[in-house]
Amino acid sequence: MSSAILQYTKKVNMNSLRFIAVLIFSICALTSFAQSKTELKWLQQNTAELKSGEGYNFSALKKAIGNRRIVALGESTHGSGTYYHLKSELVKFLHQQMGFEVLAMESGLGDTYLAYANVDTLSGKQLRDFSVFGNFRAREATGLFDYIKKQHSTQSPLNYVGYDTQASSDFLINQLKKILADYNKKLSDSLSTRMFSYQRAYGYASNQDSVNYLKHRNIFVATSNTARRYLEDNKDAIMAKHQINNAAFKVMVRSLAMFAASYNLPYAETWKGYALRDSLMAENIKWLLAEVYANKKVIIWAHNGHVEKDSTENGYMKAMGHFLKEQHAADYYTIGLFAYSGVAYQFWTKKTIPIEKTNNTFIEHRLIATGKNTPFLNISNARKTPANSWIFNFIHAYEVENGGIINFIPAKRFDAIIVCKESKAPTYNE
């Protein structure tokens, strides 16, 4: 074969290869585009719009939840006024339309139970401030506490309780100071300072100061245990004088025991604190469901990371929701809540930060692409098809308190997803 013919043949072959490559690329692109359209069509058909004018329409959730006993409402940040308003309205709906009788908040077990026990003497705003952590003390949540107070005097109250092992206000400590004054005035007068060692120990651990961590950990643990013993040793007298019923007394004793258990970690194992907290919160909920609110339907309010039923990618700990899923199986229904855009308030820095911009690899983007303002997607019974295979694979999302961008498999982590198109910061000082 002559060189000219060889060169011609090579050109033809190269052109053919280029043509084939372009053709393959085009087919793949078209296939990808068609798949994307298929996925979007599936989402449009399987998501419900929750936003109805100025209010919400939760009928799709009612159908999805069915007869389950426990509904856990997550949130991707503890700093969204939009979340607080939406979840408050959803709690009311679950109480009014589905017979849920208990709201269990991510707040102190003792603080919340005792504040609710005094609900007749408190305003809705006081009930809020005496029970929850500072980040929840927002105008957008106040309507929920007004509702709890109003319902308390009816035949269908929304019982309100916390399950956290941390103190979320000073309510329990102030009650304990009154009680302990009869038995140990010195302990009573110094109780607030001694219990503040919890925060001090945490700060010293963060600064790698093992000596001061152990000092303040020991103060906190010893104070909790001492106060608990005074209660147990003088139960009848305390209950009579301070008009405390048996359930409230049990909650106070348990709160103090959980205080001590939650921080009884050696310095080298302080990193286990997050996992320990979640396991103890799960124990508190288990106890509440069995001992205090037996046979009642319960709403759990917490961060996505606490209510998930399975881990994010590289998850190193067992979260509260993992325990609840094991204990209650199909009776446990968990909802992840995310925001597509807007801002969140970081309570620990006192700064408002933007929700990180997402692309089509994020779950927030996929659901908002349906054109809905607040789409709800039930995935609890989803079967894998070409149109929804992405919910069975790792996908990105944005969670402020979990460090920003995270990866998880939607169908494993949650039973349902809600996305708000825009998150607005909470309104404080009102």
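**Figure 1. The whole chain, from buried to exposed.** A residue is called buried when its relative accessible area is under 20%, exposed when over 50%, and partly exposed in between, using a 1.4 Å probe and protein chains only. By that rule, 49% of the 430 residues of the chain are buried. What you see here is a predicted model, in which local features need pLDDT of at least 70 and side-chain atom pairs count only at pLDDT 80 or more, while totals for chains, interfaces and linings use all residues. Residues are numbered from 1 along each chain as its sequence is written, and side-chain values use heavy atoms, leaving out hydrogens and water. The chain has 17 helices and 14 strands; these are DSSP runs, with at least four residues for a helix (H or I) and at least two for a strand (E), numbered from the N terminus. Its C-alpha trace spans about 110 × 55 × 40 Å along the principal axes. Among contacts (heavy atoms within 4.5 Å) with a separation of 6 or more, 76% join residues 24 or more positions apart.

**Figure 2. Tyr-84 meets Phe-136.** Let's move in on the aromatic rings. Rings of Phe, Tyr and Trp (its six-membered ring) form a pair if their centres lie within 6.5 Å; planes under 30 degrees apart are stacked, over 60 edge-to-face, and the rest tilted. The whole structure holds 21 such pairs. In this one, the ring centres of Tyr-84 and Phe-136 are 5.5 Å apart and the planes meet at 55°, so the pair is tilted. It bridges distant parts of the chain, 52 residues apart: Tyr-84 belongs to helix H3 (residues 81-98), and Phe-136 to the loop between helix H5 (124-129) and helix H6 (139-152). Tyr-84 is buried, with a relative accessible area of 0%, and Phe-136 is buried too, at 2%.

**Figure 3. Tyr-213 and Tyr-263 in an aromatic cluster.** The rings of Tyr-213 and Tyr-263 have centres 6.0 Å apart and planes at 55°, so they also make a tilted pair. Here helix H10 (residues 210-233), home of Tyr-213, is linked to the loop between H12 and H13, home of Tyr-263, 50 residues apart. Tyr-213 is buried at 1% relative accessibility, and Tyr-263 is buried at 8%. Ring pairs join these two with Tyr-198, Phe-220, Phe-259 and Tyr-267 in a cluster.

**Figure 4. Two charges over rings.** A charge sits over a ring if NZ of Lys or CZ of Arg is within 6 Å of the ring centre and within 35 degrees of the ring normal. Lys-297 places its charged end over the ring of Phe-100, 4.5 Å from the centre. Over the face of Phe-408 lies Arg-413, at 4.9 Å from the ring centre.

**Figure 5. Loop residues Gln-243, Lys-272 and Asn-295.** Gln-243 is not a glycine, yet has a positive phi of about 55°. You will find Gln-243 in the loop between helix H11 (235-242) and H12, exposed at 74% relative accessible area. Asn-295 likewise has a positive phi, near 70°, without being a glycine. The loop between H13 and strand E7 (298-301) holds Asn-295, which is exposed at 73%. Lys-272, in the loop between helix H12 (246-262) and helix H13 (273-292), is partly exposed at 33%. The C-alpha atoms of Lys-272 and Met-317 are separated by 8.5 Å, although their positions lie 45 residues apart along the chain.
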